[in-house]
Amino acid sequence: MKPRQIPTKKITSQREILKKKMVEVQQRDFPELRTAYVDSKKEALGEQHVAIGLAGERREILKFEGGMFKPEQVQKDFMKNIYGIVSDLRFKKVVYKWSDAPEGHHQYEIRSKEDTEI
């Protein structure tokens, strides 16, 4: 018995429906996943006198605040340690702040996928 052939038009239509649903789930879930990540790090970082938080309409900016971030090398080393998860969670920017002075912060742009990309 020959397998039933599904028309290409129907496959294309179903693919588009699936893609749309996946994008909807991603748009809903990525901000929540970023929030969960920050919540999971608050206690451990708090012990190191570092505050962690989120900013941005879709919670796509990760913020760290603490005196330890003044040396640029500390920021770079920290970025090396978190880059994989930050990219996977599709953060767009990481901000390090060590003082309220105008030059008391530095930010790194992250080239991660958009929440709408599959």
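**Exercises on a predicted model**

Helix 1, strand 2 (61-65), strand 3 (93-97) and strand 4 (105-109) are among the elements that cover the buried residues of helix 2. The structure is a predicted model.

**Exercise 1.** Compare the expected span of helix 2 with the distance between its end C-alpha atoms.

*Solution.*
- Helix 2 runs over residues 72-88 and has 17 residues.
- The rise is 1.5 Å a residue, so the helix should span 24 Å.
- The end C-alpha atoms are 24 Å apart, which agrees with that value.
- Helix 2 also bends by about 55 degrees at Ile 82, and Ile 82 is one of its buried residues.

**Exercise 2.** Classify Asp 39 and Lys 42 as buried, partly exposed or exposed, and describe how the two are paired.

*Solution.*
- Buried means under 20% relative accessible area and exposed means over 50%, with partly exposed in between.
- Asp 39 has 46%, so Asp 39 is partly exposed.
- Lys 42 has 43%, so Lys 42 is partly exposed too.
- Their side chains form a salt bridge, at 3.8 Å from N to O.
- The two residues are three apart in helix 1, and therefore about one helical turn separates them.

**Exercise 3.** Which parts of the chain does the salt bridge between Arg 34 and Asp 115 link?

*Solution.*
- The side chains of Arg 34 and Asp 115 meet at 2.8 Å, N to O.
- Arg 34 lies in helix 1 and Asp 115 in the segment after strand 4, 81 residues apart, so the pair links distant parts of the chain.
- Both residues are buried.

How values were computed
Residues numbered from 1 in each chain as written. Predicted model: local features only at pLDDT ≥ 70, side-chain atom pairs only at ≥ 80, totals over all residues. Heavy atoms only, no water. Helix = DSSP H or I, 4+ residues; strand = E, 2+ residues; numbered from the N terminus. Expected span 1.5 Å × (residues − 1). Bend = angle between axes of the 7 residues up to and from the residue. Buried < 20%, exposed > 50% of the residue type's maximum accessible area, 1.4 Å probe, protein only. Contact = heavy atoms within 4.5 Å. Salt bridge = Lys/Arg side-chain N within 4 Å of Asp/Glu carboxyl O.
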